[in-house]
Amino acid sequence: MAALAVECRLLARDPVFDEERDAGDDGLAASAQVASLPERSHRRLSAVAGVATFSLLLALVVAVTSESSGGDHGRAHMSSAVELATVEHSEAPTEATIAQALQQAAAEESEDKDCGIAELGDSCYFHVVWAMTKGIRRNPDWYPGLTPKSKFEDFQKHLAAFDSNSTCKMPCVIEGCWTATPGCECWNNVHWAMTTGIVEHPTWFPGLTKASPMENFQSHVHKQNSTVCPNLACNPQPFSTISLYCWAVVRSDGYEVDLVKAQVKKKAGMFACDAYVVVSDKDLGLAVDGVQTLTISTTKVTGYTAAGTSPNAPVFVEAMSKLREDGRYRQHDWVIKSDPDTVLLPDRLRMVLEPTQQPRNPYPPPYAPAPGAGLFVPNCDKQATWGTGWGANGLWPMMYGSIEMVSREALDNYFVKEESCKSSIQGWQKMGEDRYLGLCYRHLQAGELFLKQGDATCGGGSCGDGRFQAYHPFKSVDTWMQCWDQAMR
């Protein structure tokens, strides 16, 4: 019965307007929605429910609906309903049972050619995106077997089977498919094709454009060289939640350790990212909480820059070398450096970094991004009050160091061309790391996405102002947690 209740609640909600009708108290309302589903969905739900109660519910709904219309047609449906109601199932469903039923349904529809992945602009697409970004986080019990990291395709399968409000059909099944992941030889070749090859040699990629899905590029590479990419890619995923790899340099003496430990305990700030690591001059003892410490020679800095900030570029260059050696950042879309006294809201940040949700840049650079150079995020536009535009003093708008956001491609490109930056930026060793990195990414002609933050060193912003994804500075545990709680309301 528990499984049945979940499915009925799924069917009785409106994912677009976030309305949940009372399926628990009004069984007929939910049952009517079950009856309105196509016959193929009845088969799926019956298989997934795994209890006689579901069959009986569906049978009685069909019977009552048909009988009310009168005539032999209604009596025929009543007879069929009685037969259906006698079907018995011995076991309650498991997540494995649900997955198996959905896979079988997808295979059946692939054979019928009544299948496909939703595209941007389809109503199904928006239902799936809502489920991936809001539904799963607000009501995870609506989506058994799924997590916020599940693929678009898996959410679409679920909606096709269980949600009468969606127009989704089952995705097609591609036998023997495999989609490359960052770090493998196939992925490296596909990434080159997507970022450099398509720009420099477009005729090598007929039917593809810079906007084509990664999976289409992989299938092209597979057809050209099956040794490099031994498999066709699986279905393109038209939307995926942004994956964040977050890190911080933490001084082993002073207030920062207690601040970080409090965030770890609450799974807040950078520790609400998909993965995270801290860098310090000694192990901070956070492994018991699942947080690794990468060690560097020192976190101490003496003196000041001309602007009165800490000349900490060498410390962060060494810290970034540890990220490179560790390599886990390459499994994620964006790499976020967050200072310990920065209140970061990863869920809010994921949404604005999603390519279709990125705002227009009010300060576009005067060049097209170089192939493979990725994106970085300036976040302070103090120069706007001075009447100057992009590039004033080589800095503005600037990426202030409280929160530094770069795409995986931008960091990869930095590591390849790090020496070019150091040789072209005079006196980088005496700069703050934010100034050095901003100049470096512009030297490499990375793309830019301006996202102003609630940083008091650049105009500030209330923790209750939902326009920002980060707030700074909050140097005590109490003030940090107060800001976090206010921002999360």
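**Notebook: helices, turns and empty spaces in a predicted model**

Entry 1, the whole chain. I counted the secondary structure first and found 16 helices and twelve strands in the chain. I note that the model is predicted. I then looked up burial: buried residues make up 49% of the 489 residues. I also looked at contacts between residues at least 6 apart in sequence, and 67% of these join residues at least 24 apart.

Entry 2, helix α16. I checked the length of α16, which covers residues 477-488. Its twelve residues, at 1.5 Å a residue, should span 16 Å, and the C-alpha atoms at its ends are 16 Å apart, so the two values agree. I next asked which residues of α16 are buried. They are W480, M481, C483, W484 and A487. Viewed down the helix axis, the buried residues of α16 fall within an arc of 160 degrees, so they line one face of the helix. I recorded the general rule beside this: an α-helix has 3.6 residues a turn, so residues three or four places apart point the same way. On the other side of α16, I found D478 and Q482 exposed. I then looked up what the buried residues of α16 pack against, and the partners are α11 (256-266), β7 (343-344), α13 (346-353) and β12 (470-472).

Entry 3, the loop before α16. I examined the peptide bonds here and found a cis bond joining H472 and P473, with omega about 0 degrees. P473 is found in the loop between β12 and α16.

Entry 4, positive phi angles. I looked at K267, which is not a glycine yet has a positive phi of about 55 degrees. K267 lies in the loop between α11 and β4 (275-280). Is K267 buried or partly exposed? K267 is partly exposed, with a relative accessible area of 44%. I then turned to Q445, which is not a glycine either and has a positive phi of about 55 degrees. Q445 lies in the loop between α15 and β10 (447-448). Its relative accessible area is 32%, and Q445 is therefore partly exposed.

Entry 5, P365. I located P365 in the loop between α13 and β8 (375-376). Its relative accessibility is 16%, so P365 counts as buried, the cut-off being under 20%. I looked for contacts of P365 beyond its neighbours within four places in sequence, and found W390 and E448. I also noted the distance from P365 to G391: the two are 26 residues apart in sequence and 7.9 Å apart in space, C-alpha to C-alpha.

Entry 6, the second largest pocket. I turned to empty space, with a general note: rolling a probe the size of a water molecule over the atoms shows where empty space is left. The second largest pocket holds about 1100 Å³ of space. Of the 39 residues lining this pocket, T309, S310, N312, E433 and D434 are the closest to its centre. I asked which elements give two or more residues to the lining of the second largest pocket. They are α12 (313-326) and α15 (433-443). The most comes from α15, with three residues. By class, the lining of this pocket has 15 nonpolar, 13 polar and eleven charged residues.

Entry 7, the cavities. How many cavities of 30 Å³ or more does the structure hold? I found two. The largest cavity has about 80 Å³ of space. Its lining consists of W247, M320, L323, V335, K337, M399, E404, V406, L411, L437 and Y441. The elements giving two or more residues to this lining are α12, β6 (334-338), β9 (403-407) and α15. I sorted the lining of the largest cavity by class and obtained nine nonpolar, no polar and two charged residues.

The second largest cavity has about 40 Å³ of space. I listed its lining as F376, G394, L395, P397, M398, M399, D434, R435, G438, L439 and R442. The largest share of this lining, five residues, comes from α15. By class, the lining of the second largest cavity has six nonpolar, two polar and three charged residues.

Conventions. Residues numbered from 1 in each chain as written. Predicted model: local features only at pLDDT ≥ 70, side-chain atom pairs only at ≥ 80, totals over all residues. Heavy atoms only, no water. 1 Å grid on protein atoms, 1.4 Å probe; cavity = no way out; pocket = protein on both sides within 12 Å on 5 of 7 lines; lining within 4 Å. Points joined across faces, edges and corners; volume = space filled by probe spheres on them. Nonpolar A, V, L, I, M, F, W, Y, C, P; charged D, E, K, R; others polar. Expected span 1.5 Å × (residues − 1). Buried < 20%, exposed > 50% of the residue type's maximum accessible area, 1.4 Å probe, protein only. Arc of directions from axis to C-beta. Contact = heavy atoms within 4.5 Å.
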